Amino acid sequence: MSRLLTSTLRGLPRIAKPIYTVPGRSFISSSTTTSSSSAAFAQEQQSSDDMPVAVKTAAQWAEFGRDHVCHGLGRLRDHVIVKGSGLDLYTAEGKKLLDFTAGIGVTNLGHCHPHVSRAAAEQVNNLVHLQCSISFHAPYLQLIDRLLPAMPHESLDQFFFWNSGSEAIEAAIKVARQATGRQNMIVFSGAYHGRTMGSGALTRSKPIYTQGTGPLMPGVFSSAFPYWHQLGVSPSTSEEELVRLAEHQLDLILRQQVNPKDVAAIFIEPVQGEGGYVPVPPAFLRHLRDVCDKHGILLVIDEVQSGFFRTGSYFAIEQLTPELRPDILVFAKGVANGFPISGIASNKELMGKLDVGSMGGTYSGNAVACAAGIASQEVYQSGEIGQNVAERSKQLYAVLNGLAESSKTKHLIAQVRGMGLMASIEFRNTSDPLTLEGIPEGTAVPKNIGKRVQEYCLNKDLIILTTSCFDTIRFIPALTVNEEEIDRAMKIFTEAVENVAREG
Ligand SMILES: Cc1ncc(COP(=O)(O)O)c(C=O)c1O
């Protein structure tokens, strides 16, 4: 960018404002040290053109970011990341970080998976963009061809692509309303479906995502997710009882708050993500299918975070309820390993009710993102990823369960849960008395355990995330994670938990 800008400015009076180069991938290699990479960063900026340019250090870039990047965007750390490879991220200062977030469940195949990046690079030279209302383009159709056999139900053979998960949720809302002629939606406490005006109206995990921005889309009713927090019962409550209580709550909503014949759709995540990494009990999903069939309501399954082998199968519902028929399946994140594309899949009858021209969007089904999506499916369909998730998640849960049983740390831990490499550990919290169940009287529970554990890990260059309004840490590494990387991360995590236990 700066090369072009400076050459067009050549011959003009010296500009008052310095131009800076943008850090590129070549600045950092795994072997660079902090000081040499900073030097390389500076050198590259100076040599990018014969025009003198001012040089910013990584710290100055971070300062620049704090000055100019929207204040409403939160960050864990102010690192300037210049390269990613597998589970490693490299900062402009040459620091190597172990990424256990995968961009929040997006780079399921690791940063810059060679097969995916190569496919995208090739596509860049063939066709970057063709607006989907002008014509078909080849990668769009080929991606559908690749996704068809991966669908959890054979009726899901109609596709619409968009860019983000929130947009795909908006598309699902639109299909549900158009196809049923009804307006209302039912969602579950703790749900996260996005932050736009429609998808944000369906979100129930934290107020921050939409606070101060209402009114949002009206007509959304919230029922209890079968998770002990949401029902005010103890963590040891049986799954059967949780399902019974959640079914009861839904029944009350449909008798007291909204007539089922006015409900267009029920939206649910098979594993709640921002709600705390809570898998839904299969019996509850089956119950929802029955309720929907009885009242002509559509069942929308949001696999934005749980899809693409995150839980060990292509989609989580394959393991939970293999026979379940979603009316609409929503996907995003892992579909193209970091290239922005999302989508919905539904059946011919429903999608056939849409008015032609009602769906669309400038970047819907971008050709480069589709090419990356095709390559990603090739890797997913090789069979290796599912196998790795099975092995590595076993290794991960063994450590988490060990912490929950260890005499040193068990007084800190309320629950270990998840599916595949969508795993979490919830800490006890004195503000959430339910989490104190089973703890011997008089045992002191440290405050802010999750945040303190996370901070310790970040300081040891392991990036992990918290989730939900409860004191929970989630593990969501790339699905290509190897045994050594899990070992390394869990060693740091164990130290972190033991450290909080010691400090109290
Ligand atoms: C289950 C679920 N649905 C929808 C979304 C929204 O996706 P996006 O952030 O791409 O808009 C997310 C994002 O985390 C999600 O986890």
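These are my notebook entries on one predicted protein model and the ligand in it.

**Entry 1: ground rules**

I number residues from 1 along each chain, as its sequence is written. The model is predicted, so local features need pLDDT of at least 70 and side-chain atom pairs count only at pLDDT 80 or more, while totals for chains, interfaces and linings use all residues.

**Entry 2: the whole chain**

I looked up the secondary structure of the protein chain and found 17 helices and 17 strands. Both are DSSP runs, numbered from the N terminus: helices are H or I with at least four residues, strands are E with at least two. Next I checked burial. Of the 504 residues of the protein chain, 47% count as buried. A residue is buried if 20 or more other C-beta atoms lie within 10 Å of its own, exposed if 12 or fewer, and partly exposed in between; the C-beta atoms are placed from the backbone. Then I looked up contacts, meaning C-beta atoms, placed from the backbone, within 7 Å of each other. Among contacts in the protein chain with a separation of 6 or more, 73% are between residues 24 or more positions apart.

**Entry 3: the seven-stranded sheet**

In what order do the strands of the open sheet of seven stand? I read S4-S12-S11-S10-S7-S5-S6, with mixed pairing. Strands pair if DSSP finds at least two bridges between them. Strand S4 (158-162) and strand S6 (220-223) are at the edges; each has a single partner strand, so one side of each lacks a neighbour in the sheet. The twist averages 20° from one strand to the next. Axes here are lines fitted to C-alpha atoms, for helices over the stretch in contact, and angles run from 0 to 180 degrees between N-to-C directions.

I followed S7 (residues 263-268) through its pairings. S5 (residues 184-188) runs parallel to S7, with three bridges joining them. Met185 has Ala265 of S7 as its bridge partner. S10 (residues 298-302) also runs parallel to S7, joined by four bridges. Here Ala265 has Leu298 of S10 as its bridge partner. Why do I call S7 largely enclosed by the rest of the structure? Because six of its six residues are buried.

At the S4 edge the direction is antiparallel: five bridges join S4 to S12 (residues 342-346). Phe160 stands opposite Ile344 in S12. I also noted helix H10 (residues 239-257), which lies across S5 and S6 and runs at about 145° to S6.

**Entry 4: strand S14**

Is S14 (residues 422-427) mostly covered or mostly open? It is mostly covered, with six of its six residues buried. I checked each face. Met422, Ser424 and Glu426 are buried on one side, and Ala423, Ile425 and Phe427 are buried on the other.

S14 has S13 (residues 413-419) as an antiparallel partner, through six bridges. Arg417 is matched with Ser424 of S14. The hairpin of S13 and S14 has two residues between the strands, and Gly420 takes a positive phi near 55° there. S14 also pairs antiparallel with S17 (residues 472-475), through four bridges. In that pairing, Ser424 is matched with Arg474 of S17.

**Entry 5: backbone oddities**

Most residues other than glycine have a negative phi, and most peptide bonds are trans. I listed some exceptions.

- The peptide bond from Gly214 to Pro215 is cis, with omega near 0°. Pro215 sits in the loop between helix H8 (199-202) and S6.
- Phe309 is not a glycine, yet its phi is positive, about 70°. I found Phe309 in the loop between S10 and helix H12 (316-320). Phe309 counts as buried because it has 25 C-beta neighbours inside 10 Å.
- Asn337 is not a glycine either, and its phi is positive, about 55°. I found Asn337 in the loop between strand S11 (328-331) and S12. Asn337 is buried, with 29 other C-beta atoms within 10 Å.

**Entry 6: around the ligand**

How many residues surround the ligand? I read 14, and the closest are Ser164, Gly165, Ser166, Val304 and Gln305. A residue counts as near if its C-beta atom, placed from the backbone, lies within 6 Å of the molecule. Helix H7 (residues 165-180) gives the most to this shell, with three residues. By class, the shell has five nonpolar, seven polar and two charged residues. Nonpolar covers Ala, Val, Leu, Ile, Met, Phe, Trp, Tyr, Cys and Pro; charged covers Asp, Glu, Lys and Arg; the others, Gly among them, are polar.

Key
Contact = placed C-beta atoms within 7 Å.
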